[in-house]
Amino acid sequence: RKSLAADRVSDADVSARMVDLEAAVRGGDPTRIRQEAQETVGVLARVLAEREERNASQIAELAQRLEALRAELDVARGEAATDALTGLFNRGAFDEQIEREVDLALLFRTRPSLLLLDLDHFKRVNDEYGHRCGDEVLRRVASALSRCFMRKDDYIARYGGEEFAIVLREVDARTAAQLAERALETVRNLEIAFEDHPPLRVTASIGLAELRAGASSAEWIERADRALYRAKDGGRDRIVAASATDA
């Protein structure tokens, strides 16, 4: 609005000078024509200079505002991709990431591994200790997983409820199993104190699947999920890897 108002004033000044110049031309007096032309040129130069300065100031201000908005957008995107309870990536972010992982694996001909980790008997924790204690368990387990998988390329997300997903890029199934065992041991050793309850211990089960060539993300997740169910059925607190021949 300020810019438009200033432009209107400037345009009015220019229009007034043009009217005076036109009147001088019609009068035919060379001296007056020269005087009016010089004054008109002066007004035009001033108007153009003021407009250029104003535009430069506006561009600088807009750049500052855009930079601030970009920073706010980055924060908003980060918050939208983060699970509020655990601070890990959330399910929506994971669903996007797993598609990228499949594309990257196809492009670079790598075989990443996927771990699906589920806390054992977690419903019992909520029933006996309450949901606030259950939330604390999830936060502590998430923190433990972040310490276990610290590579830049490791991707950890809260998959849903008490289930977590870890994508290990450029890690074969054998190495992934070793890392998964370390994660299970870390979870076993957690002592989670909450209010006046005695320290609580939990265990987890893991299903592991290496991405097969040509497989979709849905197939990859399904294989890891079936391996997780076999780990649960086999007694929990263990890892089961999907075989290469699993459908």
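Start at the largest pocket, which holds about 240 Å³ of space. The model on screen is a predicted one.

**The pocket**

Select Arg 1, Lys 2, Ser 3, Arg 54, Ser 57, Gln 58, Glu 61, Leu 62 and Arg 65; these residues line the largest pocket. Colour them by class and the lining shows five charged residues, three polar ones and one nonpolar one. Now show the helices α1 (2–27) and α2 (30–80), each of which gives at least two residues to this lining. Which element supplies the largest share of the lining? Helix α2 does, with six residues.

**The aromatic pairs**

Next, turn to the aromatic rings. The whole structure contains two aromatic pairs. For one of them, select Phe 89 and Tyr 155: the ring centres are 4.4 Å apart and the planes meet at 5 degrees, so this pair counts as stacked. Planes under 30 degrees apart are called stacked. Where in the chain do Phe 89 and Tyr 155 sit? Phe 89 is in the loop between α2 and α3 (91–108), while Tyr 155 belongs to strand β2, so that the pair links distant parts of the chain, 66 residues apart.

**The five-stranded sheet**

From Tyr 155, follow strand β2 into its sheet. The sheet is open, has five strands in the order β2-β3-β1-β6-β7, and its pairing is mixed. At the edges lie β2 (155–160) and β7 (239–241), each paired on one side only. On average, neighbouring strands here are turned by 20 degrees against each other, ignoring direction.

Select residues 163–168 to see β3, which pairs with β2 in the antiparallel sense over five bridges. To find one position in this pairing, pick Ile 156; its bridge partner in β3 is Ile 166.

Then add helix α6 (residues 173–188), which packs on the sheet and touches β1 (113–119), β3, β6 (204–210) and β7. Look along β6: the direction of α6 makes about 165 degrees with that of β6.

**The hairpin**

For the last stop, select strand β4 (residues 192–194) and strand β5 (residues 197–200). These two strands pair in the antiparallel sense over two bridges. Ile 192 has Leu 200 of β5 as its bridge partner. What do β4 and β5 form together? They make a hairpin with two residues between the strands. Click on Glu 195 in the turn, where phi is positive, at about 50 degrees.

Notes
Residues are numbered from 1 along each chain as its sequence is written. This is a predicted model: local features need pLDDT of at least 70, side-chain atom pairs count only at pLDDT 80 or more; totals for chains, interfaces and linings use all residues. Side-chain values use heavy atoms; hydrogens and water are left out. Two strands pair if DSSP finds at least two bridges between them. Helices (H or I, at least four residues) and strands (E, at least two) are DSSP runs, numbered from the N terminus. Axes are lines fitted to C-alpha atoms, for helices over the stretch in contact, and angles run from 0 to 180 degrees between N-to-C directions. Contact means heavy atoms within 4.5 Å. On a 1 Å grid over the protein atoms alone, a cavity is a set of points where a 1.4 Å probe fits but cannot get out, and a pocket is an open set with protein on both sides within 12 Å along at least five of seven lines; lining residues have an atom within 4 Å of a point. Grid points are joined across faces, edges and corners, and a volume is the space filled by probe spheres set on the points. Ala, Val, Leu, Ile, Met, Phe, Trp, Tyr, Cys and Pro count as nonpolar, Asp, Glu, Lys and Arg as charged, and the others, Gly among them, as polar. Rings of Phe, Tyr and Trp (its six-membered ring) pair if their centres lie within 6.5 Å; planes under 30 degrees apart count as stacked, over 60 as edge-to-face and the rest as tilted.
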